[in-house]
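Work through these exercises with the structure open beside you. Try each task before you read its solution.

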Amino acid sequence: MINYARHYIDNHDLKSVEEVLKSDFLSQGPATFKFEKLLNKFFESRYTTVVSSGTAALHLIGKALGWKKGDEIITSPLTFAATANSICYSGAYPLFIDIDPNTYNIDLDQVENKLKKKNKFKKKIKGIIAIDYAGNPCDWKNLRFLGNKYNVKLVNDNCHALGAKYFGDKGYAVRYADVVSQSFQSLKNITTGEGGAIITNDKKIHNKVKILRSHGVVSKSRKGFHWKNNQIDLGYNYRLTDFQSALGISQLKKINIFMRRRTEIASIYDTCFSENKNLSIPKTNLRNEHAYHLYPLLIDFNKLKIKKDKMLNFFLKKGIRLQVNYTPLYHYDFYKKNFNYKKKLFPNAENFFQQEVSIPIFPGLSKNDQLKFIKLFNNYLFN
Ligand SMILES: Cc1ncc(COP(=O)(O)O)c(C=O)c1O
């Protein structure tokens, strides 16, 4: 089966994990602290806290920023459920804003209009979670400007974009946002199976998430004497195991190779599909280097008189699992029931959802398999 995404594990990964499995630490230990150090080096950031998932990272970020009932947090509906769920965990309100049809990221003009309007009525927005969808960075300079002007905390849900660059800078995420979430779930740009991280230059945020990761308990003893600990907040067990961290370390070493391979695959798709009027390839611009976590291809199904479901089933029967990323979150019963959004507020997300298909892109995709897919795709749609 050729999937739309897949992890890449080699012998170095296996060896790193095996070493830790044979060591004294299985739960949080030296590999975890080393992984955090290496992520700080990669992002040129001050503080990293690795956690058990990207969802846990977002949950703790909401807690650290003090979100609560009555607060409103702006985000895009074009994301994985965990982004908006993290707003709901704290009792705050997820204020969805439509996407920009060119970048598929949140539309910054509409964000500014909303901030202006809310300011006028003295109802302050508490935060913005912007997602670098598919690995394509948002216009973070502009977002930072809005964050400063309206005094709003910025979260970069960077779960798709490890390895992307903004103005040539691979550490951009933590340079512009107040705090950044990462996911190392199995299909992400690097993986620890499940896992995530919170990255920030803000000491207060860091201190909070670090304590919340481990039950809200602070250790007073350097000797591991638990009876000398104190619980100062209501926290969780969101720790990452040391063997997962070992995998993270050896995966991070390969990030440049992974990015090169993803870019090569994307450029073959770009060449094959860019001239076709019924298709839209993901657009980039000069300031961005796309991480191509996904390759979202838009297909004008109406014009081609083809049903998307039928096409996805056809490919599945041929051993190719395509995907749709994502169903806009206001379609889901939970969001309908609790927030009652009308689809007409989001014409760009609706259009995107009708047309988008995520086609195979991952470091281990062979050129043969990619060309086989392209041939089948062109035959199905255009012959
Ligand atoms: C944009 C985005 N945010 C958050 C998450 C949650 O990460 P995890 O699956 O590690 O909990 C994901 C994972 O799919 C994601 O794609």
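The exercises below go from the whole chain to single strands and helices, and the model is a predicted one.

**Exercise 1. Overall build**

Task: Find how many helices and strands the protein has, and decide how compact it is.

Solution:
- Step 1. Count the elements. The protein has 15 helices and 16 strands.
- Step 2. Compare the radius of gyration with the globule rule. The protein has 21 Å, close to the 21 Å that the rule gives for 383 residues, so it is as compact as a globular protein of that length.
- Step 3. Look at the box. Along the principal axes, the C-alpha atoms fill roughly 70 × 60 × 40 Å.
- Step 4. Check the burial. Of the 383 residues, 45% count as buried.
- Step 5. Check the contacts. Take those with a separation of 6 or more. Residues 24 or more positions apart account for 71% of them.

**Exercise 2. Strand β2**

Task: Work out which way the residues of β2 point, and which strand pairs with β2 over 5 bridges.

Solution:
- Step 1. Recall the rule. Side chains in a regular strand alternate between the two faces of the sheet.
- Step 2. Apply it to β2. Tyr-47, Thr-49 and Val-51 point one way. Thr-48 and Val-50 point the other way.
- Step 3. Test for burial. Strand β2 covers residues 47–51, and 5 of its 5 residues are buried.
- Step 4. Find the partner. β2 pairs with strand β9, residues 196–200, in the antiparallel sense.
- Step 5. Pick out one pair. Val-50 of β2 stands opposite Ala-197 in β9.

**Exercise 3. Two helices**

Task: Are α1 and α9 roughly parallel or antiparallel to each other?

Solution:
- Step 1. Locate the helices. α1 spans residues 11–21, and α9 spans residues 242–252.
- Step 2. Read the geometry. The two pack at an angle of about 150 degrees, with their axes 8 Å apart.
- Step 3. Use the cut-off. Angles over 145 degrees count as roughly antiparallel. Therefore α1 and α9 are roughly antiparallel.
- Step 4. Add the handedness. α1 passes α9 in a right-handed crossing.
- Step 5. Look at the meeting residues. In α1 they include His-12, Val-17 and Leu-21. In α9 they include Phe-243, Leu-247 and Ile-249.

**Exercise 4. An open sheet**

Task: Which are the edge strands of the open sheet β12-β14-β16?

Solution:
- Step 1. Read the order. 3 strands form the sheet, and their pairing is antiparallel.
- Step 2. Find the edges. β12 (279–280) and β16 (356–358) each pair on one side only.
- Step 3. Count bridges. β14, residues 296–299, is joined to β16 by 3 of them.
- Step 4. Name one pair. Pro-296 has Ser-358 in β16 as its bridge partner.

Notes
Residues numbered from 1 in each chain as written. Predicted model: local features only at pLDDT ≥ 70, side-chain atom pairs only at ≥ 80, totals over all residues. Buried ≥ 20, exposed ≤ 12 C-beta atoms within 10 Å, placed from the backbone. Helix = DSSP H or I, 4+ residues; strand = E, 2+ residues; numbered from the N terminus. Pairing = 2+ DSSP bridges. Rg over C-alpha atoms; globule rule 2.2 N^0.38 Å. Contact = placed C-beta atoms within 7 Å. Axes fitted to C-alpha atoms, helices over the stretch in contact; angles between N-to-C directions. Parallel < 35°, antiparallel > 145°, perpendicular 65-115°, else oblique. Left-handed = near helix turned anticlockwise from the far one by under 90°.
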